[in-house]
Amino acid sequence: MLVIYSEKHKEHNPKFYFALGRMENFPEMPSRAESVINAVRKREVGKVLQPNDYGLDPIKRIHSEQYVEYLQHAYENWIKIGGNPEACIPDTFAINLDPQVKQLVTESKNKYAQAGSFAFDTAAVITKGTFSAAYEAVQIALTAAENVFGGMNAAFALCRPPGHHSETSLAGGFCYFNSAAVAAQYLIDKTGEKVTILDVDYHHGNGTQSIFYEKRNPLFVSLHGKGDYPYFWGSEQEEGKGEGLGFNVNVPLPVGTNNEDYLDNLKKVIDSKIVPYQSRYLVVSLGLDTFGGDPVGGFSLTSDAFYEIGRLIATVKVPTVFVMEGGYAVSELGDNGR
Ligand SMILES: [Zn+2]
């Protein structure tokens, strides 16, 4: 297993966000990635490499030009309009979307409207180092993808911030750039082959679903807490659209789901959907917030389950890129990830 990591994530360190109307500590903190990299190094999981730089082009295959430009300058523009230097958080959201093209019906050029034009919630807090950390996270995922393309059987992209809630032009849920989506598209563009994205984070990967909803490549499969955040997406009825119909597979599982039921459902969806799709590559959105002790997630998996999840994923027998997503039980995160 090759591991790709960079210290740059530490530049993204929001201090707070709002949950249930309260100002709470931001759970997506630098110590998460440090816990995992420490476990990786201690247990000698594999060689740890720095990412290469692939520039903005692969990001723009997934995210809109306007959104990339917004994120690049979001913090400095926020400071210019007198925003709190500790956190760029929108106060007004652009909800008037055209359902056909999922774009704004009316756009506001007002400088105060920018943050709310490019986010679907208040949890993707932007600070001074957010863009460079999110950019680096994508480069980490791309480097992992490049190595798997080059013949490695598996590579682990230790990305932070996570990405799977982020849509084409929207941040949300601690996510800015969708690193797993960029890595999958990179492999598709490079090889013309089929790719599967398997999302095992506790939360539904609404961003990834939205990006590929009308495509048949990649296949998108998500197992997640039923009805939990991001609340409005993740039902079994969301099966894709147009030529993508049937290539979006949601497996919502009840809050409290244990090892046995989780592994049983994972095995079923691997056998019934992922293996028959016969993709050349697999990209795993690796959330570890399915762990019972996770302060954000709602399943009751024990640490033993993560070994079994890895074993089941290995039964697909295709080269695999693991992209780190959520997981907030910092002290167990390293061992669960390893
Ligand atoms: Zn999550």
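Here are a few worked exercises on this predicted model.

**Exercise 1: overall fold**

Work out what radius of gyration a compact globule with 338 residues would have, and set the protein against that.

*Solution.* Start with the rule: 2.2 Å times the number of residues to the power 0.38. For 338 residues that puts a compact globule near 20 Å, and the protein comes in at 18 Å, so the two agree. Next, look at the extents: along its principal axes the C-alpha trace covers about 50 × 45 × 40 Å. Then count elements, and you get 10 helices and 12 strands. Finally, check how the chain packs on itself: 78% of the contacts between residues at least 6 apart in sequence join residues at least 24 apart.

**Exercise 2: surface and charge**

Find what share of the residues is buried, and describe what the protein exposes.

*Solution.* Take burial first: 56% of the 338 residues count as buried. Now the outside: about 14800 Å² is exposed, with carbon and sulfur atoms supplying 50% of it. For the charges, tally 30 positive and 40 negative side chains; the centres of these two sets sit 4 Å apart.

**Exercise 3: two covered helices**

Check the lengths of α5 and α6 against the expected rise, then see how covered each one is.

*Solution.* Begin with α5, residues 130-149: its 20 residues reach 29 Å from first C-alpha to last, close to the expected 28 Å. Of those 20 residues, 16 are buried. Just past α5 comes G151, with a positive phi near 120°.

Now do α6, residues 179-191. At 1.5 Å a residue its 13 residues should span 18 Å, and the end C-alpha atoms are 18 Å apart, so the helix agrees with the expectation. Here 10 of the 13 residues are buried, and they run from S179 and A180 through A181, V182, A183, A184, Q185, Y186 and L187 to I188. The cover over them includes α5 itself, along with α2, α7 and the strands β8, β11 and β12. After α6 you meet G192, again with a positive phi, near 70°.

**Exercise 4: two residues in helices**

Decide whether Q209 and I313 are buried or exposed, and list what each one touches.

*Solution.* Q209 lies in helix α7. Its relative accessible area is 4%, so Q209 is buried, given that the cut-off is under 20%. Leaving aside neighbours within four places in sequence, Q209 is in contact with H204, F220, W233, E238, N248 and N250.

I313 belongs to helix α9. At 3% relative accessibility, I313 is buried too. With neighbours within four places left out, its contacts are L198, I270, L282, V284, T320 and F322.

**Exercise 5: backbone oddities in loops**

Locate the cis peptide bonds at P161 and P230, then the positive phi values at L20 and Y231.

*Solution.* Go for the prolines first. R160 and P161 are joined by a cis bond with omega about 0°, and P161 sits in the loop between β7 and α6. Y229 and P230 are also joined by a cis bond, with omega about 10°; P230 is in the loop between β9 and β10.

Y231 is in the loop between β9 and β10 as well, and its phi is positive, near 60°. At 52% relative accessibility, Y231 counts as exposed, since exposed means over 50%. L20, in the loop between β2 and β3, has a phi near 50°. With a relative accessible area of 82%, L20 is exposed.

Notes. Residues numbered from 1 in each chain as written. Predicted model: local features only at pLDDT ≥ 70, side-chain atom pairs only at ≥ 80, totals over all residues. Heavy atoms only, no water. Helix = DSSP H or I, 4+ residues; strand = E, 2+ residues; numbered from the N terminus. Buried < 20%, exposed > 50% of the residue type's maximum accessible area, 1.4 Å probe, protein only. Contact = heavy atoms within 4.5 Å. Areas by Shrake-Rupley, 256 points an atom, 1.4 Å probe, with all protein chains shown as cover. Lys, Arg positive; Asp, Glu negative; His and termini not counted. Charge placed at Lys NZ, Arg CZ, Asp CG, Glu CD. Expected span 1.5 Å × (residues − 1).
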